[in-house]
Amino acid sequence: MPQTNPFHSLVPRKLTDSELARSIRLNIEAELDAINLYAAHLDATDNEEAKAILRHVMDEEREHAALFWQLIARLDPEQAQHDKEASEKYRLITTGASHEEVEAVGKEGGGERSPADISLEKRLTVGSLRR
């Protein structure tokens, strides 16, 4: 029986970190597809033995995806910076911060506000709203 050549996609040189990161992103896509496929199989059966195996394999795929994501952070410093900023943005969004505060994360100067914003802040205070 013919087998797939495991070297069919190799390039004649080593990949750069950027190229490898692109390849690893495709691996993540495959892992996520597998997770979704196994989850669908879990939903489609009442066979407990099959479900136990599917849960185990699905958990392995989750681990693979997580490991690949960690590798991308090492291979692609820009992605790593986005990950860091995303954590802070997530915290701000879930605690009710304004859109402007969220979008200021990662901007040069820490997201400095315009003079108009500062002026408005000085005029509208809790004390100025009292009658």
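Modeller: A helix's expected span is 1.5 Å times one less than its number of residues. Please keep in mind that we are looking at a predicted model.

Biologist: Thanks, that helps! How far apart are the end C-alpha atoms of helix α2, and what span should its residues give?

Modeller: Helix α2 runs over residues 48-75, which makes 28 residues. At 1.5 Å a residue the helix should span 40 Å. The distance between its end C-alpha atoms agrees with that, at 40 Å.

Biologist: Let me step back for a moment. How many helices and strands does the chain have, and in what pattern?

Modeller: There are zero strands in the chain, and the helices number six. Read along the sequence, the pattern is therefore α-α-α-α-α-α.

Biologist: What share of the chain's residues counts as buried?

Modeller: Buried here means under 20% relative accessible area. The chain has 131 residues, and the share of them that counts as buried is 18%.

Biologist: Back to α2, then. Which helices are included in what covers its buried residues?

Modeller: Several residues of α2 are buried, among them L54, M58, A65 and I72. K51 and E61 are also on that list. The cover over the buried residues of α2 includes α1 (17-43) and α3 (77-94).

Biologist: E61 catches my eye. How far is E61 from L32 in space, C-alpha to C-alpha?

Modeller: L32 sits in helix α1 and is partly exposed, with a relative accessible area of 42%. E61 is one of the buried residues of α2. In sequence L32 and E61 are 29 residues apart, while in space their C-alpha atoms are apart by 7.5 Å.

Biologist: What does the side chain of N47 reach at the start of α2?

Modeller: The atom of N47 involved is a side-chain oxygen. That oxygen comes to within 3.0 Å of a backbone nitrogen, the one belonging to E49.

Biologist: Now for charges. Which residue forms a salt bridge with R25?

Modeller: Side chains of opposite charge can pair when their charged atoms come close. For R25, the closest N and O atoms of the salt bridge are 2.7 Å apart. R25 lies in helix α1 and its partner in the loop between α2 and α3, so the pair ties together parts that are 51 residues apart in sequence. That partner is D76.

Biologist: Are R25 and D76 buried or exposed, or something in between?

Modeller: The cut-off for buried is under 20% relative accessible area, and exposed means over 50%. R25 has 30% relative accessibility, so R25 counts as partly exposed. D76 has a relative accessible area of 19%, so D76 is buried.

Biologist: How far apart in sequence are E88 and R91, which form a salt bridge in α3?

Modeller: An α-helix has 3.6 residues a turn, so residues three or four places apart point the same way. The closest N and O atoms of E88 and R91 are 2.6 Å apart. Both residues lie in helix α3, about one turn of the helix from each other, and their separation is three residues.

Biologist: One last puzzle: which side chain of opposite charge is nearest to E85?

Modeller: E85 lies in helix α3, where it is buried yet has no salt bridge. Leaving aside residues up to four places away in sequence, E85 touches V105 and G106. A salt bridge needs the nitrogen within 4 Å of the carboxyl oxygen. The nearest side chain of opposite charge is 5.2 Å away, and it belongs to K89.

How values were computed: Residues numbered from 1 in each chain as written. Predicted model: local features only at pLDDT ≥ 70, side-chain atom pairs only at ≥ 80, totals over all residues. Heavy atoms only, no water. Helix = DSSP H or I, 4+ residues; strand = E, 2+ residues; numbered from the N terminus. Buried < 20%, exposed > 50% of the residue type's maximum accessible area, 1.4 Å probe, protein only. Contact = heavy atoms within 4.5 Å. Polar contact = N/O pair within 3.5 Å; in protein donor to acceptor, adjacent residues only side chain to side chain. Lys, Arg positive; Asp, Glu negative; His and termini not counted.
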